[in-house]
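Let us walk through this model in questions and answers. Keep the sequence and the structure in view.

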Amino acid sequence: MVKAVVGANWGDEGKGKITDMMAEKADIIIRFQGGANAGHTIVNNYGKFALHTLPSGVFYSHTTSIIGNGVALNIPILINEIQSIIDRGVPKPKILVSDRAQIVMPYHILLDQYEEERLGKNSFGSTKSGIAPFYSDKFAKIGFQVSELFDEEVLQDKAHRVLETKNILFTHLYHKEPMQPEALIATLHEYRDMIAPYVCDVSAFLDRALKEGKTILLEGQLGTLKDPDHGIYPMVTSSSTLAAYGAIGAGVPPYEIKEIVTVCKAYSSAVGAGAFVSEIFGDEADELRRRGGDGGEYGATTGRPRRMGWFDCVASKYGCRLQGTTDVAFTVLDVLGYLDEIPVCTGYEIDGEVTTDFPVTTKLEKAKPVLTVLPGWKCDIRGIKEYDALPENCRKYVEFIEEQIGYPITMVSNGPGRDDIIYRKSPLQKSI
Ligand code: GDP
């Protein structure tokens, strides 16, 4: 069967930790969208890792880790990441890369940088990893699939053709040097040799695995609010962050996805530009940022400070609904132990009216948070293993949020490690 681990919010909810934990009982872990533009931080018995491309299941020797066709594949980053975990003592992982995955090209990265420079203060806050130009080319049908690296005629012809238009942009729009086709082709030959050992017909592999009764985990990147259709467009990412897209970006039938674990962090954080209704500023934000996550809320890929906010029930209810949540994993709850009182955003006021329905972007820009203040629990909850052993105010916080979002919180994460997890029976639990 297939399970998905996805985010309810803006990303950085702790999906890496939950995937690493769930991977213990899985056979295959697959990335189905996104690229090396965001990272997952994982703490386990080998140490602390920031993964950008590899699935978070690479630390077990019984798992196969897959880069699905929906991913923006940056070949040198993938190869370096594999080597870097091996260098730190992790057994060589079994890795497969879809022959239909498309490749982030050197010109995608340059175009991303140049365009953000050109936009100046109107920039998207892109990580400049080439993701938006990559997906634009994919849908403009001028992308390169991994399989094309192995057909010299196609490669030569396409590299020349595509560079014609890219070079017009480089020279005339951005006033930079053009890219030479020979140099690009030489790079693509290097990519071909690097990726060759991993290439696989992934959907056929997964079909066989399902027939053999294997468990497959789909690992999402970012969260619902960064989805290009259902998120805060245009401040979104360029590939769908929803569990439903897992069927497409991995190549499995949609009805095989039986469990959708949506990860929600106990407070909010966001990177990049865009409306963020429950955002906080100043000392209050600095303190939460410093104490947040595991060693502070700073981007795993970019190191930039994340924007901070209180838990947002409106955004999270919507985020869970669009994912098709069967279970909520509620993470980083331990971090809130320092607060006397904890505000939670329970509604948006837009033009004088309060709503709990997440609006379209034009209205979202006008929304002001309606806050409900809950009492804190003022102690360290790390190490607690049973839900009933949590302080009463902590349980009340979890239960209040569960009621507001309307999806069952069945896992509470109270530390970054694999074992820092509390399983909980929820009154809202049902299985699909
Ligand atoms: P992802 O992209 O959704 O995987 O999230 P990130 O890796 O960017 O951010 C999550 C951060 O929180 C990482 O540093 C994790 O190690 C850390 N983390 C995850 N769960 C918990 C938790 O329950 N408590 C604490 N303190 N840190 C956590």
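Q: What is the strand order of the open sheet of 10 strands?
A: This is a predicted model: local features need pLDDT of at least 70, side-chain atom pairs count only at pLDDT 80 or more, and totals for chains, interfaces and linings use all residues. Residues are numbered from 1 along each chain as its sequence is written, and side-chain values use heavy atoms, with hydrogens and water left out. Pairing in the sheet is mixed, where two strands pair if DSSP finds at least two bridges between them. The order is 9-7-5-2-10-1-11-16-20-21.

Q: Which residue in strand 10 is the bridge partner of Val-5?
A: Strands (E, at least two residues) are DSSP runs, numbered from the N terminus. Strand 1 (residues 2–7) and strand 10 (residues 216–223) pair in the parallel sense over 5 bridges. The partner of Val-5 is Glu-219.

Q: Is Thr-262 buried or exposed?
A: Thr-262 lies in strand 11 (residues 257–265). Buried means under 20% relative accessible area, exposed over 50%, partly exposed in between (1.4 Å probe, protein chains only). Because its relative accessibility is 0%, Thr-262 counts as buried.

Q: Which residue meets the side chain of Lys-3 in a salt bridge?
A: A salt bridge puts a side-chain nitrogen of Lys or Arg within 4 Å of a carboxyl oxygen of Asp or Glu. Here the N to O distance is 3.9 Å. The pair links distant parts of the chain, strand 1 and strand 11, 256 residues apart. The partner of Lys-3 is Glu-259.

Notes: Helix = DSSP H or I, 4+ residues; strand = E, 2+ residues; numbered from the N terminus.
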